Amino acid sequence: MDYKIIGEPMPVVTCELAAGESMITERGSMVWMTPNMKMETKAGGLGKALGRMLSGESLFQNIYTAQSGAGMIAFASSFPGAIRAIEVTPDHPIVCQKSAFLAATSGVELSIFFQKKIGAGFFGGEGFIMQKVSGSGIVFLEIDGSAVEYELAAGQQLIVDTGNLAMMDETCKMDIQTVKGVKNVLFGGEGLFNTVVTGPGKVTLQTMPMSNFVSTIAAQIPSKN
């Protein structure tokens, strides 16, 4: 499979498939394709389907397969930002925010990832459940806004505002840190908690989480009397 990511801030990834090759995606992600791409909707087993639903994805997935020769299919981002292509191997799974999954080659599996510390789950900004991408292949993930990447050494930490953590290697750990000082909490505008990510591993941050974007737009809408 060959691919090309085109355009920002509303990117699309076009995938060139050989005969018999397949792509897995969430419903509504496909934007155009050649006529020989066959679609099949599957749940992939009740346990896996429920796991995807709990992690922010739909219950069913669409599988597109090139038949009778090479085929092309394109998937578009649902929000202004970036698309990142990540190679996943059995010894290199990744953890990402809910609803980040866009599409993947066959052999990639999507499941739920539970934060080991409940505090990190409830207050860390991404919820108790995140997505785990494992298996073998290439996965395309959506990033809200621009993507900024850091490689953390063992024990090295990065403090991240709530919701700005897009993805990280599974070798990284995530926890929460309370903002110190009453005045900082009440008047600092940064909320009560920050997310703390500890290496080793790669961390990808996003500059404009969808929740922040929605809050900014909502604040500008006049309220009805």
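Phe140 counts as buried in this predicted model, because its relative accessibility is 0%, and a residue is called buried when that value is under 20%. Tyr3, by contrast, counts as partly exposed, because its relative accessibility is 38%, which falls between the 20% limit for buried residues and the 50% limit above which a residue is called exposed.

These residues belong to the topic of aromatic pairs, of which a search of the whole structure finds two. Tyr3 and Phe140 form one such pair, with an edge-to-face arrangement in which the ring centres are 5.1 Å apart and the planes meet at 75 degrees. Tyr3 sits in strand S1 (residues 2-6) and Phe140 in strand S13 (residues 137-144), and the pair therefore links distant parts of the chain, 137 residues apart.

The rings of Tyr64 and Phe75 also form an edge-to-face pair, because their centres are 6.5 Å apart and their planes stand at 65 degrees, an angle that lies over the 60 degrees needed for that name. Tyr64 belongs to strand S6 (residues 61-66) and Phe75 to strand S7 (residues 71-76), so this pair ties together parts that are eleven residues apart in sequence. Both Tyr64 and Phe75 are buried.

The table sets out the two pairs with their values.

| Pair | Centre to centre | Angle between planes |
|---|---|---|
| Tyr3 and Phe140 | 5.1 Å | 75 degrees |
| Tyr64 and Phe75 | 6.5 Å | 65 degrees |

Another residue to look at is Gln206, which is found in strand S19 (residues 201-206). Gln206 is buried, because its relative accessible area is 2%, and the cut-off for a buried residue is under 20%. Which residue has a side chain joined to that of Gln206 by a polar contact of 3.0 Å? The partner is Gln97, whose side chain makes this polar contact with the side chain of Gln206. A polar atom of the Gln206 side chain also lies 3.1 Å from the backbone nitrogen of Asp144. When residues up to four places away in sequence are not counted, Gln206 touches Gln97, Ile143, Asp144, Ser146, Gly163, Asn164, Leu165 and Ala166.

Phe101, finally, is found in strand S10 (residues 101-105), and Phe101 counts as buried because its relative accessibility is 4%. The C-alpha atom of Phe101 is separated by 7.6 Å from the C-alpha atom of Val139, although these two residues are 38 residues apart along the chain.

Definitions and conventions:
Residues are numbered from 1 along each chain as its sequence is written. This is a predicted model: local features need pLDDT of at least 70, side-chain atom pairs count only at pLDDT 80 or more; totals for chains, interfaces and linings use all residues. Side-chain values use heavy atoms; hydrogens and water are left out. Rings of Phe, Tyr and Trp (its six-membered ring) pair if their centres lie within 6.5 Å; planes under 30 degrees apart count as stacked, over 60 as edge-to-face and the rest as tilted. Helices (H or I, at least four residues) and strands (E, at least two) are DSSP runs, numbered from the N terminus. Buried means under 20% relative accessible area, exposed over 50%, partly exposed in between (1.4 Å probe, protein chains only). A polar contact is a pair of N or O atoms within 3.5 Å; within protein, one must be able to donate a hydrogen and the other to accept it, and residues adjacent in sequence count only if both atoms are side-chain atoms. Contact means heavy atoms within 4.5 Å.
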